Amino acid sequence: MQKKDCVPIKFCRLCGSNNIKKVFDLGQTPLANSYSKIETSKKLKKYPLKLNYCYNCGHLQLTHSIKPTKMFSNYLYKTNTSQKNYLHFKIYANEIKKIFKNKNAKILDIASNDGTFLNFFEKKKFFRLGIDPAKNLKKLSLKKGIEQLDTFFTKKKSENIKKKYGKFDIITANHVCAHVENLNDFFSGVKNLLKDQGLFIFEVSYRASVLKKNTFDTIYHEHLDYHALYPISKFLKKFNLSVVNFKTPNAQGGSLRVYVSKNKNFKNKKNIKKQIQKEKKELNLFNANTYKKFEMKINNCKNKLNFLIQNCIKNNMSIAGYGAAAKTTTFLNYFNISEKDVKFIFDDNKLKQGLCIPGTKIKILNPLNLDKKKIDVLIIFAWNYAEIIINKNKKFQKSGGKFLIPFPNPRLI
């Protein structure tokens, strides 16, 4: 594990090539989840937030890596905060249970957070084990009756797990692979614990969705990688693992779910090949110019949104936000939006309430306070839950309140 707080990444994290070049620069921002009190928020240390493109395998990654313990030892994101997220994991878990319906199975969830996903697997039929470095979340899993190891997952740690628990039929890792410091070590550990007929299933944010929807705010220091199916499928061959299936669920604004096995007989070759061709020819994911165009689109979006905000302020309209997600930090810092523009941000996560968005003095409040604050416009920073937030706040809308949705093009509702 790296010793310095911030180090440059000189090689492609998937193929090891040094033929990588910068394609997008978001300047310097604080760590996305470094929520703090108003006195310290603007004093938080900032780190470079830039993207490198690999001309060898087509992977996209950050230019710098931040020491993992600075980001994950005390983590304020909870899986079950959003009902939409909860339902996504429930459907996902039911799908896995159908695959293993004829046998009792052992499941390991890497980055198990508060145990929400594992809790969908009945204790009578599944042996459940979670692993997550956030010590503050372990007690939430224990309340659900789920054993959770409060540490980072590594190859060395997999050896200890194998000695104590044996190998697993199912290993899952949802929206964590982009957080992993050493992917070679991580996948070696997965292979070490996966049974020969087992499945490793992981979800990552899908690069194609980020580009299509202009959702640049999913770029922050925790997310070292911006994945596509083609580079991932090549990378897995190093470990004699195969992509046997994939899906593209709408979770987290657009995800890629990858099914991996040691057993190549599972393989759905036709669909995988078709998607890789789509990534290459239709989506242009492996053309560096695509990312230059993306940067231009984001800057256009920035100008349009700031114009709308300033126009609202000129008309004496009070502005707040909804959704203090990690991506809100990138959004506000890159768009130069401060407490002068946005008075408050409402969020359902009680762990964040009373704190500020990193790098700003914008305080996070309980949504129950919305009626008391006389807000005219709500910017929906949690854009992936826009429909739910609007439906939840019909009273605000009926009283004349407006919603401002920033992506893919800023618009007032």
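Is Asn 113 buried or exposed? At 5% relative accessibility, Asn 113 is buried, because the cut-off for that class is under 20%. This and the other close-ups below come from a predicted model.

**Figure 1. Two residues with positive phi share the loop between S6 and S7.** Let's begin with the backbone. Ala 111 sits in the loop that links S6 to strand S7 (126-131), and its phi is near 65°, a positive value in a residue that is not glycine. Asn 113, in the loop between S6 and S7, also has a positive phi, near 55°. Most residues other than glycine have a negative phi. As for accessibility, Ala 111 has a relative accessible area of 23% and is therefore partly exposed, whereas Asn 113, at 5%, counts as buried.

**Figure 2. The side chain of Lys 144 reaches the backbone of Asp 114.** Lys 144 belongs to the loop between helix H3 (135-143) and strand S8 (147-149). Look for its side chain 2.7 Å from the backbone oxygen of Asp 114. Beyond the neighbours within four places in sequence, the residues in contact with Lys 144 are Asp 114, Gly 115, Thr 116, Asn 119 and Arg 128. Leu 118 is a handy landmark here: 26 residues separate Leu 118 from Lys 144 in sequence, and the C-alpha to C-alpha distance is 9.2 Å. With a relative accessibility of 26%, Lys 144 is partly exposed.

**Figure 3. Helix H5 has a capped N-terminal end and a set of buried residues.** This view follows H5, which spans residues 183-193. At the N-terminal end, Asn 182 acts as the cap, with a side-chain oxygen 3.2 Å from the backbone nitrogen of Asn 184. Along the helix, the buried residues are Leu 183, Phe 186, Phe 187, Gly 189, Val 190, Asn 192 and Leu 193. Their cover includes strands S6 (105-110), S9 (168-174), S10 (194-205) and S11 (225-226). Helices H4 (155-165) and H7 (229-236) also help to cover the buried residues of H5.

**Figure 4. Asn 263 and Gln 197 meet through their side chains.** Asn 263 lies in the loop that runs between strand S13 (255-261) and helix H8 (269-282). A polar contact of 2.8 Å joins the side chains of Asn 263 and Gln 197. Setting aside neighbours within four places in sequence, Asn 263 is in contact with Asp 196, Gln 197 and Val 244. Its relative accessible area is 14%, so Asn 263 is buried.

**Figure 5. The second largest pocket holds about 490 Å³ of space.** Its lining is made up of 24 residues, and those nearest the centre are Ala 208, Ser 209, Leu 211, Lys 212 and Leu 283. Helix H6 (207-213), H8 and helix H9 (288-314) each give two or more residues to this lining. Sorted by class, the lining has 11 polar, seven nonpolar and six charged residues.

**Figure 6. Six strands make an open sheet with mixed pairing.** Reading across the sheet, the order is S16-S15-S14-S17-S18-S19. The edges are strand S16 (363-365) and strand S19 (411-412), each of which pairs on one side only. Zooming in, S14 (residues 319-322) and S15 (residues 344-346) run parallel and are joined by two bridges. To find your way between them, look for Tyr 322, whose bridge partner in S15 is Phe 346.

Key
Residues numbered from 1 in each chain as written. Predicted model: local features only at pLDDT ≥ 70, side-chain atom pairs only at ≥ 80, totals over all residues. Heavy atoms only, no water. Helix = DSSP H or I, 4+ residues; strand = E, 2+ residues; numbered from the N terminus. Buried < 20%, exposed > 50% of the residue type's maximum accessible area, 1.4 Å probe, protein only. Contact = heavy atoms within 4.5 Å. Polar contact = N/O pair within 3.5 Å; in protein donor to acceptor, adjacent residues only side chain to side chain. 1 Å grid on protein atoms, 1.4 Å probe; cavity = no way out; pocket = protein on both sides within 12 Å on 5 of 7 lines; lining within 4 Å. Points joined across faces, edges and corners; volume = space filled by probe spheres on them. Nonpolar A, V, L, I, M, F, W, Y, C, P; charged D, E, K, R; others polar. Pairing = 2+ DSSP bridges.
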